[in-house]
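Me: Please take a close look at one part of this model, the pocket, and then place that part in the setting of the chain around it.

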Amino acid sequence: MAVRRGVPKAGLSREKVLDAALDQIDAHGLPALSMRKLGAQLGVEAMSLYRHVPNKEALLDGLVDRVMETAFANLGEPAGDDWTSWLRTFAHSLRSALLAHPGVLPLVATRPVNSPDALRMSERWLAAMRAAGLPLGRALDVVNVIAMFTIGHTLAEVGQTPGHEGTEPDLDQRSGDLDPAEFPNLLEVIATRAGLDFDSRFAQAVDILITGYAGLTEVALDPGQQGAEGR
């Protein structure tokens, strides 16, 4: 009798299934992900996976949750009124997790994060930011804006995801076709790399966004606080 390799069925967990799926996407891209291949990677029949993820859609949602868990495992909540430093850490932690798993970026960009654990985490963040003086709507706005910018910037930074190689335009590859008289600035960008440092661009843009929201918050009060002052 042949002996199956991999993780025994008794050792499976939702986390192990999701981590194996992330490994598969990192190596082969999202289009290559299948329950059959995932089961083979774990050394079990595909049907065994449905005890932990009921269907393919749940698997995809779970992958987004898993990346977010990784990104924010050590984040905690804003301390006191220093929500701006916390939000910078939020942005850089999310970017690092996405860069580690570029194949999952299309899912993160299009699927909502609404698992019970994610909702509890968001509730703690909002409570801490309101305690720091942000109106509720603005607290949610700034978190969403920073998250969406981070996801979009990282997607552009990666340029291509596993399974889609060769489909993305590359300015460097066009340099020989550009007329210096018509495109002097673009050719200088290609030659000097000016404006192409993703790290500094990301950090600067995050700082600008957070500073802007902080400035708005300094001149605005939570409607609930205004009501309390009027009583």
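Reply: The largest pocket is lined by 21 residues, and those that lie nearest its centre are Val113, Ser122, Val143, Asn144 and Ala147. Because this is a predicted model, the description that follows concerns computed features of that model, with the lining total taken over all residues. The space in the largest pocket amounts to about 490 Å³. By class, its lining consists of 18 nonpolar, 2 polar and 1 charged residues. Five helices each supply at least two residues of this lining, namely helix 4 (56–72), helix 5 (83–100), helix 6 (105–110), helix 7 (116–131) and helix 8 (136–158).

These helices belong to a protein chain that has 11 helices and 0 strands, so that, read along the sequence, its pattern is α-α-α-α-α-α-α-α-α-α-α. Of the 231 residues in the protein chain, 37% are buried, and its accessible surface comes to about 13,100 Å², with 55% of that surface belonging to carbon and sulfur atoms. Among the contacts in the protein chain with a separation of 6 or more, 75% are between residues 24 or more positions apart.

One of the helices that contribute to the lining, helix 5, offers an example of two residues far apart in sequence, since Thr84 is found in helix 5. Thr84 and Asp207 are 123 residues apart along the chain, yet their C-alpha atoms are separated by 8.8 Å. When neighbours within four places in sequence are left aside, the residues in contact with Thr84 are Ile210 and Ala214.

Helix 4, which also supplies residues to the lining of the largest pocket, has a further part to play in the cover of helix 2, as it is included with helix 1 (14–28) and helix 3 (46–49) in what covers the buried residues of helix 2. Those buried residues of helix 2, which spans residues 35–42, are Met35, Leu38, Gly39 and Leu42. They lie on the same side of helix 2 because the arc that they cover around the axis is only 100°. Arg36 and Ala40, by contrast, are exposed on the other side of helix 2. Just after helix 2 comes Gly43, which takes a positive phi of about 80°.

Technical notes
Residues are numbered from 1 along each chain as its sequence is written. This is a predicted model: local features need pLDDT of at least 70, side-chain atom pairs count only at pLDDT 80 or more; totals for chains, interfaces and linings use all residues. Side-chain values use heavy atoms; hydrogens and water are left out. On a 1 Å grid over the protein atoms alone, a cavity is a set of points where a 1.4 Å probe fits but cannot get out, and a pocket is an open set with protein on both sides within 12 Å along at least five of seven lines; lining residues have an atom within 4 Å of a point. Grid points are joined across faces, edges and corners, and a volume is the space filled by probe spheres set on the points. Helices (H or I, at least four residues) and strands (E, at least two) are DSSP runs, numbered from the N terminus. Ala, Val, Leu, Ile, Met, Phe, Trp, Tyr, Cys and Pro count as nonpolar, Asp, Glu, Lys and Arg as charged, and the others, Gly among them, as polar. Buried means under 20% relative accessible area, exposed over 50%, partly exposed in between (1.4 Å probe, protein chains only). Contact means heavy atoms within 4.5 Å. Accessible areas come from the Shrake-Rupley method with a 1.4 Å probe; for residues, only the protein chains shown count as cover. The arc is that of the directions from the helix axis to the C-beta atoms.
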